[in-house]
Amino acid sequence: MSVTPFLMFEGKAAEAVEFYTALLGGEISAMERRPDGGVQRCVFTLRGREYRAFDSPAKHDFMFTPAISLFVECADEAELDKLFAALSRDGKVLMPPNNYGFSRKFAWCNDRFGVSWQINRA
């Protein structure tokens, strides 16, 4: 048995996965497309952890929510600042980088694809 995060997009799966793997260090191991060009199935890794993604052919009344987020533990402040700048660009800042008392520096944002990211300085 395995448990894998699975991200559902509406037409932006390939763009999002390519962005994430380039920014965070990872690779796409499989990407199958439907005849309409949408992603039928994508398997990719970020820092050794497997994820899956696809483009839903059906429109939904929901998208991603900050109730589920991807948590990134950064080695230093420069790494946190770089990731936050890239992930929050054209997205939404939920908590700007700061010391909130529970870590040296923490930030939270939704990226331009709607995926929620918590970024922490160890």
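Is Arg112 buried, exposed or partly exposed, and what is its relative accessible area? Arg112 is partly exposed, with a relative accessible area of 35%, where buried means under 20%, exposed means over 50% and partly exposed lies in between (1.4 Å probe, protein chains only). The model is a predicted one, in which local features need pLDDT of at least 70 and side-chain atom pairs count only at pLDDT 80 or more, while totals for chains, interfaces and linings use all residues. Residues are numbered from 1 along each chain as its sequence is written, and side-chain values use heavy atoms, with hydrogens and water left out.

A good place to start is the overall layout. The chain contains two helices and eight strands, taken as DSSP runs (H or I of at least four residues for helices, E of at least two for strands) and numbered from the N terminus. Along the sequence, these elements appear in the order β-α-β-β-β-β-α-β-β-β. The radius of gyration, taken over C-alpha atoms, is 15 Å, which agrees with the value near 14 Å for a compact globule of 122 residues; the globule rule is 2.2 Å times the number of residues to the power 0.38. Along the principal axes, the C-alpha atoms fill a box of roughly 50 × 30 × 30 Å.

Next come the surface and the contacts. Of the 122 residues, 40% count as buried. The accessible surface comes to about 7100 Å², and 52% of this area belongs to carbon and sulfur atoms; accessible areas come from the Shrake-Rupley method with a 1.4 Å probe, and for residues only the protein chains shown count as cover. Among contacts (heavy atoms within 4.5 Å) with a separation of 6 or more, 49% are accounted for by residues 24 or more positions apart.

Charged side chains add another layer to the picture. There are 15 positive and 16 negative side chains, and the centres of the two sets lie 2 Å apart. Lys and Arg count as positive and Asp and Glu as negative, with His and the chain ends not counted; the place of a charge is NZ of Lys, CZ of Arg, CG of Asp or CD of Glu. Side chains of opposite charge can pair when their charged atoms come close. Eight salt bridges are counted, each being a side-chain nitrogen of Lys or Arg within 4 Å of a carboxyl oxygen of Asp or Glu.

One of these pairs joins Glu15 to Arg112, with the closest N and O atoms 3.9 Å apart. The two partners are 97 residues apart, Glu15 in helix α1 and Arg112 in the loop between β7 (106-110) and β8 (116-121). Glu15, like its partner, is partly exposed, at 35% relative accessibility. Lys12 is linked with Glu15 and Arg112 in a network of salt bridges.

Another salt bridge is formed by Lys59 and Glu10 (3.9 Å, N to O). This pair spans 49 residues, from the loop between β1 (6-9) and α1 (13-24), which holds Glu10, to the loop between β4 (49-55) and β5 (70-74), which holds Lys59. Lys59 is exposed at 63% relative accessibility, whereas Glu10 is partly exposed at 26%. The loop between β4 and β5 also holds Pro57, an exposed residue with a relative accessible area of 62%.

Glu77 and Lys105 form a further salt bridge, their closest N and O atoms being 3.1 Å apart. Glu77 belongs to helix α2 (residues 77-88), and Lys105, 28 residues apart from Glu77, to the loop between β6 (92-98) and β7. Here Glu77 is partly exposed at 44%, whereas Lys105 is buried at 13%.
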